[in-house]
Amino acid sequence: MTTSLLGAPVARSEDPRLLRGEGRFVDDLGHDAFEVAVVRSPHAHARIVDIDLGDALEVDGLISVYTFDDLPERLREPLPLLIPHPSLTAGRTQHVLADGEVNHVGEAVALVVAEDRYAAEDAAERIMVDYDPLPAVVGPERALQADQAVHDDIADNVAAHLEQEIGDARAAIADAAHRLSFRLDIERSASTPMETRGTYARWDADDQRLRLYSSTQAPTSVRAAVAAYLGLDLAQVECIAPDIGGGFGVKIMHPWPEEILVPWVARELGHDVKFTEDRREHFVSANHERAQVHQVEVGFDDEGRVLGLDVEFVHDHGAYIPYGLIVPIITSTQLIGPYKLENYRVTFDSVYTNTTPVTPYRGAGRPQGCFVMERTIDRIAAHLGRDRTEVRAANFLQPEELPYDFGLVFQDGRAYRYDSGDFPGSLSKLKELIDWDGFAARKAAAAAEGRLLGIGLAAYVEGTGVGPYEGGHVLVEPNGSVQVSTGLSSQGQGHQTAFAQIAAEELGVDLADVKVVTGDTRRFPYAVGTFASRAAVMSGNAIHLAARKVREKALRIASEALEVDAEDLELADGKVRVKGSPDTSIDLNVVATMSNPLRYAFDEAARIATQFTQPGDPNAPPVAEGEAPGLEATDYYSPIHSTFANGMHAVEVEVDPDTSDVRIGRYAVVHDCGTLVNPRIVEGQIFGGVAQGVGGALYERMAYDEHGQLQNASFMDFLMPYATEVPRVDVDHLETPSPLNPLGIKGAGEAGVIPGAAAIAAAIEDATGVVIDAMPISPSQLHARRLDAASTT
Amino acid sequence: MKPPAFAYHAPRTTDEALATLGELGDDAKVLAGGQSLVPLLNMRLAAPAALVDLAHLDGLDAIEVSDDRVRVEARVTHERLRRHPAATDAVPLLREALDWVAHPVIRNRGTALGSIVHADPAAELPAVLSLLGGQVELATSGGTRTAAADDYLLGPLESDTRPGELATALVLPRPGVRTGAAFDELSRRHGDYALAGVAVTVTLDADLAVATARAAFIGVGATPVRVDLTDSLSGQAHDALAPADAVGLARDVIEPTDDIHATADYRRHLAGVLLERALTTAAGRAAAGGTA
C-alpha cells in the first residue's frame with residue numbers, strides 16, 4: 001500500500017446503511033414475538049401490601065402475568081453486584097421483580113406478557129398494586145442526615161466510604177500561603193440514548209438453545225448472567241448485540257431485570273418474547289449518573305501552584321449499587337487532571353437515595369472531577385488576580401515527567417499512572433485556536449455595546465482502555481473477503497470502519513473487503529465490553545495483533561509456494577508479492593485456499609488445495625505441527641494498566657444582560673488520544689461529547705421532587721440540547737502515542753463530554769462576575785444569582 | 001406508551017365529519033395534526049373512545065385573505081400558513097408568531113387552529129388570537145356559531161369546543177393604519193414552549209405618538225394574558241418610549257408560577273424585559289409604515 005490506512009479520515013462504512021433506515025435494532029426483530037410490559041412502582045419508597053390482578057386477565061391478547069411470587073428459586077435472588085470492592089461494605093442490588101418493597105419510582109413490580117405491547121399495557125394498567133408508602137430519601141445530603149433509611153438494615157444510608165491520599169494534604173494546606181475552601185455541586189443527568197433498552201429472546205425447544213438479542217454494551221457478560229440465572233450451559237446460550245442506537249454508558253449496566261425475565265419467560269412459554277422499553281420507562285427505570293456534592297479545601301503559593309488539595313464528596317448512587325464504586329473512584333482519581341499534585345486527599349461517601357440507581361454515563365465521574373479541579377484552579381487565579389492559563393501552566397506535569405505515577409489506585413485496581421502527553425503543548429494550541437490573548441479586546445468591544453462576553457477553559461486527563469482484555473479474530477476466506485470479529489459491541493462508534501482500517505493496514509487488502517462483526521458471541525465469545533473509551537485501544541490492538549499473526553502465516557505459506565524467503569515478501573493490493581518485483585506474487589485468497597488442505601474440490605478454486613495437486617513432502621503431515629487449517633488467527637490484548645488521553649476545551653459565551661440567557665459562541669477543543677486511527681471518527685466523538693457537555697452545563701437535569709417523583713420524565717421537560725443549542729466546534733489534534741500498546745492508541749469515546757460544564761461555568765463566571773459553583777445552570781438560576789450578587793455588593 | 005383502543009373515523013366530507021361528531025358526542029376527539037393529541041394518547045393521559053381524523057377530509061383547508069380579515073380553516077398547517085405571503089402580509093404578527101412555533105417537522109403537521117383548540121397557555125397562536133380580537137368558527141351538524149377569543153379560551157388546555165362540535169376556522173382581523181406588532185419570547189431550547197413570551201400591537205396617532213398599545217403574554221397565566229397598556233404609553237413618541245409604567249403594570253397583571261424550568265419571579269422579570277423589547281420593535285414598525 002502506498003498510503004497508510006491508519007490515520008486516514010475514511011468515511012464510516014456503516015453510515016449508508018444506518019442513514020437509509022436499514023439498521024437492524026432489537027425492536028426491528030421478532031415481529032411475531034410476544035411483547036411484555038412492566039408494572040413499575042409509582043412510589044419512591046413503599047412496601048407492597050398486595051398485588052391484585054383485577055380484570056387484567058380479561059384483556060384480549062393477554063398471555064401471562066408474573067410477580068415475585070411466581071418466580072423460580074434462582075430468579076428470586078438479588079441481581080449481581082457487578083464490581084465488588086473492599087470498601088463497599090453495604091451493597092444492595094434490586095430483584096428482577098420487587099420482593100415486597102420498592103425503592104425508587106420505576107422499579108419493576110410485575111411482568112405482563114401479551115400478544116403485543118398494546119394489550120400488555122392494557123393489562124398492566126388494570127393490575128392493582130396496594131402500596132404502603134414510606135418516606136423517601138432524595139438527594140445526597142438528605143441521605144447523610146440518616147433520619148430515614150432507604151434500606152432498613154443500612155441506617156446511615158452509606159454503602160461505602162473510601163479515602164485515598166498522597167503526601168499529607170491537610171498539613172500542606174495548613175502551611176500554604178493562601179487557602180480557599182468552597183463547595184461545588186453537579187446535578188443528576190443520564191445517558192438517554194436514542195434507542196431505549198430492549199431484549200428479544202428465542203428459545204429453540206428442539207435444539208434446547210437460547211438466542212438472545214439485547215441492546216447492550218456487554219453481550220458476553222449478559223450471556224454468562226443469563227446462562228447462570230436460567231441454569232443453562234454457556235454452550236446453550238448465544239447473545240447478540242445488533243445495531244444499537246447509542247449507549248453512552250447506561251447499557252453497560254447488566255443484567256437488567258428484563259434481560260433475565262424475557263429469556264426465562266420465552267423458555268417457559270415456548271414462544272419468542274420481546275421487551276422494548278418506552279421513553280417514559282427509560283427515564284425512571286434505566287440508570288442515571290452525575291449527582292455529587294463536593295467540599296474542597298486548597299492551599300497554594302503566590303504563583304498559584306497547588307500545594308495541597310483536600311476533597312470530600314458525597315456520591316448519590318440511588319436506590320441500589322449494582323456497578324460498585326466505579327463512578328466515585330473515577331472522580332477521586334481523574335479529578336487531578338493534568339496537574340502535578342503531591343499532597344492530595346480525597347474521600348467520598350457513596351449513599352443510598354430513593355431514586356433511580358446510578359451507573360456510568362459517558363464521562364463516568366470525570367465531568368464532576370474536572371468541574372472540581374478546574375473551578376478550583378479558576379478560584380486560585382481569581383484570588384491571585386492571575387490569568388487562568390498561567391495558573392494552569394504553573395501546575396502542569398511536564399512532558400519529561402511522564403510516565404508519572406501518582407501513587408493512587410485507579411478504577412481497574414491498577415496504578416494511576418499517566419503514560420504520555422504534552423499539556424503545555426496542548427494549552428498553547430488551545431490558546432491559539434480560541435485566540436485567548438485576543439479575548440480581552442473582544443470583551444471590551446462587546447461591553448461598549450452593553451453586551452456581556454466571557455471566556456472559560458478546562459483541561460482533563462482521561463484514563464481509557466481499561467483491561468482486563470479484549471480479543472480479535474481475523475480470517476481470510478478463500479474468496480478474498482477478510483472476516484474480522486471482536487466480542488465487544490458497537491453503539492454507533494464506527495467500529496466497523498476503524499477495525500477494518502486496522503486489519504486492512506496489516507493485511508494489505510482493500511478496506512471494502514474487510515467485514516467486521518462486533519458483539520456476537522457466536523463469532524467471538526470472550527470479551528469484556530464497550531465502556532471506558534476502550535474499544536479502539538483494546539479490540540483495536542487485539543485485531544492488530546491477530547491480523548499480524550495472519551500476515552505471518554500468509555507469508556509462510558506464500559514463501560513456500562513462491563520459493564522466496566518470507567523476509568523478501570510483502571502484503572499489498574490483496575497479494576503477497578516479492579518486494580521490489582511486484583509481478584511475482586500470489587493472491588491472498590489463493591493463499592487462504594492453500595492454507596486449508598482439502599480432499600474435495602467443491603469449486604474450481606479449491607482444486608489447488610486438494611491432495612493430488614498440493615506439492616509437499618508426502619512423509620510430513622499435510623497440516624504441519626503447530627499449524628492449523630485456514631488463514632486465520634485469534635489474539636488478545638491485555639494491558640498492565642490504563643492509557644491516559646487528555647485534552648482541553650475553551651469556550652466563549654454571551655450572557656444576555658437582561659434575561660441571563662446564555663448563548664455559546666466559539667468552542668475550541670484540543671485533543672490528544674495518541675495515534676489517530678480515523679480523525680473523522682474521533683472528531684465525531686468529540687462533537688457528540690461536546691453536545692452532551694453542553695447538555696450537562698445548561699440544560700439537562702433530573703428534577704426530582706422531595707417525594708422522589710421525577711418531574712421531567714420526557715424529552716419535553718428533560719432538556720436534551722437540540723442541534724440549535726450545540727455550537728460549532730473547532731478541533732485541533734495533538735498525538736502523543738501511548739507507549740503501552742502496539743498501535744499507540746488512547747481512547748476517545750468519552751473525552752468530549754468531560755470539560756463541558758467546567759469550561760462553560762468558567763465562561764459564564766467571566767461574563768457576569770458571579771461565582772458559578774453548581775451546574776447545570778438555567779437562565780432563571782443565573783438571574784437569581786446575579787440578583788443576589790448585586791444585592792450583596 | 002401505546003394508546004388504549006379507540007374507534008377510528010376518517011370522514012371524507014365536512015358534513016360527514018359533523019354527522020360523526022354529532023353521533024359520538026362526548027366520546028370523540030378530533031384529530032388534525034396530532035402533534036399534541038397523539039403524545040397524550042400514547043402516554044394514556046387522554047383516552048377518548050373515538051378519534052375523528054380530518055386527514056382525509058375533502059375541504060376545510062382554505063386560507064382566505066380579504067380586506068378586513070384573514071380566515072384560516074381547520075386543516076391548514078402552521079407551516080403552510082407561515083409560507084402564505086398574502087396572509088402574513090395582511091397580519092404580519094402571524095408570521096412572527098409562527099416562526100416561534102416548535103420545529104419544521106412539527107409545523108408541517110400541526111395545524112394553526114388545532115393549536116388554538118388545544119389552548120396551551122404557553123402556545124403562540126392563542127395569544128395572537130387574543131391580542132388581535134380574533135374569533136373561532138365552530139360547526140355542528142345543526143349549524144354554526146362564532147366564538148370570540150376571550151370566550152373561547154377558557155383555561156389551560158381548555159377551550160369552549162362543545163360535544164359534537166368541530167372548530168372549522170380561525171379569523172383574525174387585519175390591523176389598522178399606523179399599527180405595528182411584534183412577538184418575542186424566550187424558551188429554554190429553540191422551538192420549546194416559551195418560559196414567557198409576549199405579542200404586542202402599537203397604534204400611533206398622526207404625530208407618530210402612541211395612540212393605543214396592547215400586549216398578550218404567554219406562559220404566565222392560565223390563558224394568554226391580555227393587558228391594555230394604552231394608559232401607560234399614550235402620547236409617548238414612537239422612538240422615545242418610556243415603558244417602565246407599562247412594564248410595571250404588566251408585571252402586576254400576569255400570574256406566572258414556579259416550575260422546574262424557571263421561578264415565577266424570573267418569569268415575571270422576563271415578561272417585562274420581553275415586553276419592553278417588543279414595544280420598541282412594534283412602535284418602530286408602526287412608524288415605519290403602517291402594518292409592518
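**Which strands of chain A does helix H13 (residues 495-507) of chain A lie across?** Helix H13 lies across S21, S22 and S23 of chain A. Before we look closer, please keep in mind that this is a predicted model.

**Figure 1. An open sheet in chain A has helices H13 and H14 lying against its strands**. The sheet has 4 strands in the order S23-S22-S21-S27, and its pairing is mixed. At the edges you will find strand S23 (514-518) and strand S27 (631-637), each of which pairs on one side only. Neighbouring strands are turned by 15 degrees against each other on average, direction ignored. Helix H13 of chain A runs at about 130 degrees to S23(A). Helix H14 (residues 535-562) of chain A packs on the sheet too, where it touches S21, S22 and S27 of chain A. The direction of H14 makes about 145 degrees with that of S27(A).

**Figure 2. Strands S21 and S22 of chain A form an antiparallel pair**. Follow S21 (residues 470-476) and S22 (residues 482-486), and you can look for the 4 bridges between them. A handy landmark is A:Val476, which stands opposite A:Val482 in S22(A). As a reminder, strands of a sheet pair through backbone hydrogen bonds, either parallel or antiparallel.

**Figure 3. Strand S20 of chain A is largely enclosed by the rest of the structure**. Why can we say so? Because 11 of the 13 residues of S20(A) are buried. The strand pairs with S28 (residues 643-655) of chain A in the antiparallel sense, over 13 bridges. Within this pair, look for A:Gly463, which stands opposite A:Phe644 in S28(A).

**Figure 4. Helix H10 of chain A has its buried residues on the same side**. In this helix (residues 388-395), the buried residues are A:Arg388, A:Thr389, A:Val391, A:Arg392 and A:Asn395. They share a side of H10(A) because they cover an arc of only 160 degrees around the axis. What covers them? The cover includes strand S16 (306-318), helix H9 (366-384), helix H11 (423-434) and strand S20 (452-464) of chain A.

**Figure 5. Domains 1 and 2 of chain A meet through a few residues on each side**. The domain assignment of chain A gives domain 1 (32-134), domain 2 (364-466 + 641-792) and domain 3 (467-637). The C-alpha centres of domain 1 and domain 2 of chain A lie 40 Å apart. Even so, 4 residues of domain 1 are in contact with 4 residues of domain 2. On the domain 1 side, these residues divide into 2 nonpolar, 2 polar and no charged.

**Figure 6. Chains A and B come into contact with each other**. Here 24 residues of chain A are in contact with 16 residues of chain B. On the chain A side, two or more residues each come from helix H2 (117-126), helix H7 (279-285) and helix H18 (779-792). The largest share, 4 residues, comes from H2(A). By class, the chain A side has 7 nonpolar, 7 polar and 10 charged residues.

**Figure 7. B:Ala262 is a buried residue in a loop of chain B**. You can find B:Ala262 between helix H11 (244-253) and helix H12 (264-289) of chain B. Is B:Ala262 buried or exposed? With 25 C-beta neighbours inside 10 Å, B:Ala262 counts as buried. Leaving aside neighbours within four places in sequence, B:Ala262 is in contact with A:Ser778, A:Ser780, B:Leu195 and B:Arg267.

How values were computed
Residues are numbered from 1 along each chain as its sequence is written. Chains are lettered from A and ligands numbered from 1 in the order in which they are written. This is a predicted model: local features need pLDDT of at least 70, side-chain atom pairs count only at pLDDT 80 or more; totals for chains, interfaces and linings use all residues. Two residues are in contact if their C-beta atoms, placed from the backbone, lie within 7 Å. Ala, Val, Leu, Ile, Met, Phe, Trp, Tyr, Cys and Pro count as nonpolar, Asp, Glu, Lys and Arg as charged, and the others, Gly among them, as polar. A residue is buried if 20 or more other C-beta atoms lie within 10 Å of its own, exposed if 12 or fewer, and partly exposed in between; C-beta atoms are placed from the backbone. The arc is that of the directions from the helix axis to the C-beta atoms. Two strands pair if DSSP finds at least two bridges between them. Axes are lines fitted to C-alpha atoms, for helices over the stretch in contact, and angles run from 0 to 180 degrees between N-to-C directions. Domain bounds come from an automatic or database domain assignment.
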